[in-house]
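Here's a quick briefing on a sheet and the helices that go with it. Have the structure open while you read.

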Amino acid sequence: MNCPAMNASASSSCSYSTFRLPPVLPQMSHDSQRSVRLLPHCEANLSGWGEKQQPLRLLGKHSPSLKALVTSNTLNISSTPVISDDKIGVLLLNLGGPETLDDVQPFLFNLFADPDIIRLPPFFQFLQKPLAQFISVARAPKSKEGYAAIGGGSPLRIITDAQAEELRKCLWEKNVPAKVYVGMRYWHPFTEEAIEQIKRDGITKLVVLPLYPQFSISTSGSSLRLLEKIFREDEYLVNMQHTVIPSWYQREGYIKAMANLIQSELAKFGSPSKVVIFFSAHGVPLAYVEEAGDPYKAEMEECVDLIMEELDKRNITNAYTLAYQSRVGPVEWLKPYTEEAIAELGKKGVENLLAVPISFVSEHIETLEEIDVEYKELALKSGIKNWGRVPALGTEPLFISDLADAVLESLPYVGAMAVSNLEARQSLVPLGSVEELLATYDSQRRELPAPVTMWEWGWTKSAETWNGRAAMLAVLALLVLEVTTGKGFLHQWGILPSVQ
C-alpha cells in the first residue's frame with residue numbers, strides 16, 4: 001500500500017486531538033440530553049426530553065462547546081527525530097474472533113469468562129468460569145449459524161493482520177522502523193502471545209494502540225486490564241518504556257476517511273440527499289455509562305457529530321441518527337436499540353437508509369451478518385425500500401496513514417511518560433502508561449456495579465430487571481448445586497468434569 005502523507009488534507013497544521021485520558025463525565029439528567037426531529041442535522045431541534053424518550057433520537061449539529069476539545073497539533077511530523085538506539089514496537093489490540101466453526105464455543109467461553117463482560121458479585125466470582133462454560137455451550141449453536149453464514153469463521157484476524165502490515169509499511173515510509181504486533185483479547189493471537197514475541201524481539205519502546213476508536217470499559221478497558229496484569233508480573237515489561245493511545249475517534253484522518261466512505265456510498269442512491277445516515281455502534285450496558293462513568297456514549301456522540309460536521313463542509317446535510325446494536329442478556333443497554341430505531345424509521349416513512357458501522361474498523365460478524373443480513377431484512381420489512389451499508393475502514397490508506405501519524409506523535413513522550421507525574425502533564429500530554437491510565441480512570445469513577453442488584457427485593461422499575469434478577473438467581477442456584485454435589489445435567493453433558 002502506498003502510504004500517503006495525508007495528501008493535501010493532511011498538510012494542515014491542525015488535527016483532531018487524540019491523546020487524552022478517557023473523560024470521566026458528570027452524570028447528565030434527562031432534561032440535559034438532546035432529541036431532534038427527523039430533519040437535516042443543520043436544522044436540529046435541541047429540545048429537552050424526559051423519562052419517556054423515543055427509541056429514535058436524531059443527533060443535532062455539533063455544539064460550539066465541542067470545539068474546545070479540538071486542539072492544534074504542535075508536533076511537526078516531518079521533523080520528528082527517530083530514536084535510532086531503541087527498538088520500537090506497536091501493539092494493536094482487538095477483540096479477536098473464531099476462525100473456524102470449531103473455534104466458536106471456546107471463543108465464547110473466553111469472552112464470557114472476562115469479568116468486564118459478565119460481572120458477578122464478589123461472593124460468586126468462583127462461578128465465573130462455570131457460568132462462562134454454561135453460556136458458551138448454550139449460545140454456540142446459534143453463533144455457529146451466524147459464522148457459517150459469513151464463510152465459516154470470522155475474517156477479523158486476517159483483516160487485523162493486514163492492517164498491522166500496512167501500518168508497518170507506512171511507519172517505515174515515515175522513517176520509523178517499527179515492528180507491529182497484533183494482540184487479541186479472546187482468540188489467537190492472544191495478547192499474551194504478542195507480548196512474548198515483543199520480548200523475543202527485544203523491543204525497548206512500545207506504543208499500545210487499541211483498534212477501538214472510542215474508549216469503553218468493555219473493549220479497550222478490558223484489554224488494558226489484561227496488559228496491566230501482564231506488565232506487573234514480568235520484570236522485562238516493568239522496565240520497558242511504553243505509552244497507550246486510549247482513544248482516537250477525533251483524529252482528522254479517521255474523520256475524513258469515514259466521511260469519504262459515507263460520501264461514496266451516498267452517491268450510489270438515486271436521490272442521495274433523501275438518504276438517512278444510520279450510525280450503528282456496538283452497545284454497552286447502560287450501567288457502565290450512568291453508574292460507572294464509561295465515556296463510550298459521549299465519545300460516540302461526539303464522533304458522529306465530527307463526521308457530520310465534515311460532511312457539512314462538503315454540502316452533505318442529510319438527516320442522521322445513532323443507535324446501538326448487539327445487546328445480550330436481560331439488562332438494559334444503551335438506547336435506542338438498532339432494531340427498534342430501524343423499525344421506527346420505517347414507520348416515519350423513510351425509504352432510503354445508509355447503515356454506517358461506526359465503532360468497527362474491520363469487517364466481522366456484527367457487520368457481515370448482523371447488519372448486512374438481519375438489519376437489512378428488518379429494514380425492508382419495515383418499509384425501507386433502498387438499503388446501503390458503508391464498509392468498515394479496513395486498510396483504507398488515509399486511515400492507516402493517520403494511525404501511523406498517531407504513533408509518531410506519541411513517540412517523543414514514551415520515555416518521559418515513565419518518570420513524570422500524570423496529573424502535571426495531563427493538560428499538555430494526555431497520554432498514559434497502562435498502569436497510570438487505569439489508576440487515573442479508576443480514581444475518578446465509582447465502583448462498577450453489577451448489571452442487576454441481586455439481593456435487593458421488592459418492586460422493580462421494569463419487568464426486564466425483574467426477569468434478569470430471577471434468571472441470574474436460577475442460573476447461580478443451578479451452578480452451586482452442580483458444583484457442590486457433582487451431579488446434574490451439566491456433568492451428564494460433559495460441560496463440568498465428573499467427580500470420581
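Strand E5 (residues 276-282) and strand E7 (residues 352-357) run parallel, joined by 5 bridges. Keep in mind that this is a predicted model. One pair to look up here is Phe-278, which stands opposite Ala-355 in E7.

**Helices on the sheet**
- Helix H7 (residues 252-266) packs on the sheet, where it touches E5, E7 and E8.
- The direction of H7 makes about 155 degrees with that of E7.
- Helix H10 (residues 338-347) packs on the sheet too, touching E5, E6, E7 and E8.
- For H10, the angle is given against E5: the two directions make about 165 degrees.

**The sheet as a whole**
- E5 and E7 belong to an open sheet of 4 strands, in the order E6-E5-E7-E8, and the pairing is parallel.
- Strand E6 (320-325) and strand E8 (386-389) sit at the edges with a single partner strand each, so one side of each has no neighbour in the sheet.
- From one strand to the next, the twist averages 25 degrees.
- As for what holds such strands together, strands of a sheet pair through backbone hydrogen bonds.

**A residue to check in H7**
- Glu-265 is part of helix H7.
- Is Glu-265 buried or exposed? Its relative accessibility is 12%, and buried means under 20%, so Glu-265 counts as buried.
- Leaving out residues up to four places away in sequence, Glu-265 touches Leu-354, Arg-389, Val-390 and Pro-391.

Conventions. Residues numbered from 1 in each chain as written. Predicted model: local features only at pLDDT ≥ 70, side-chain atom pairs only at ≥ 80, totals over all residues. Heavy atoms only, no water. Pairing = 2+ DSSP bridges. Axes fitted to C-alpha atoms, helices over the stretch in contact; angles between N-to-C directions. Contact = heavy atoms within 4.5 Å. Buried < 20%, exposed > 50% of the residue type's maximum accessible area, 1.4 Å probe, protein only.
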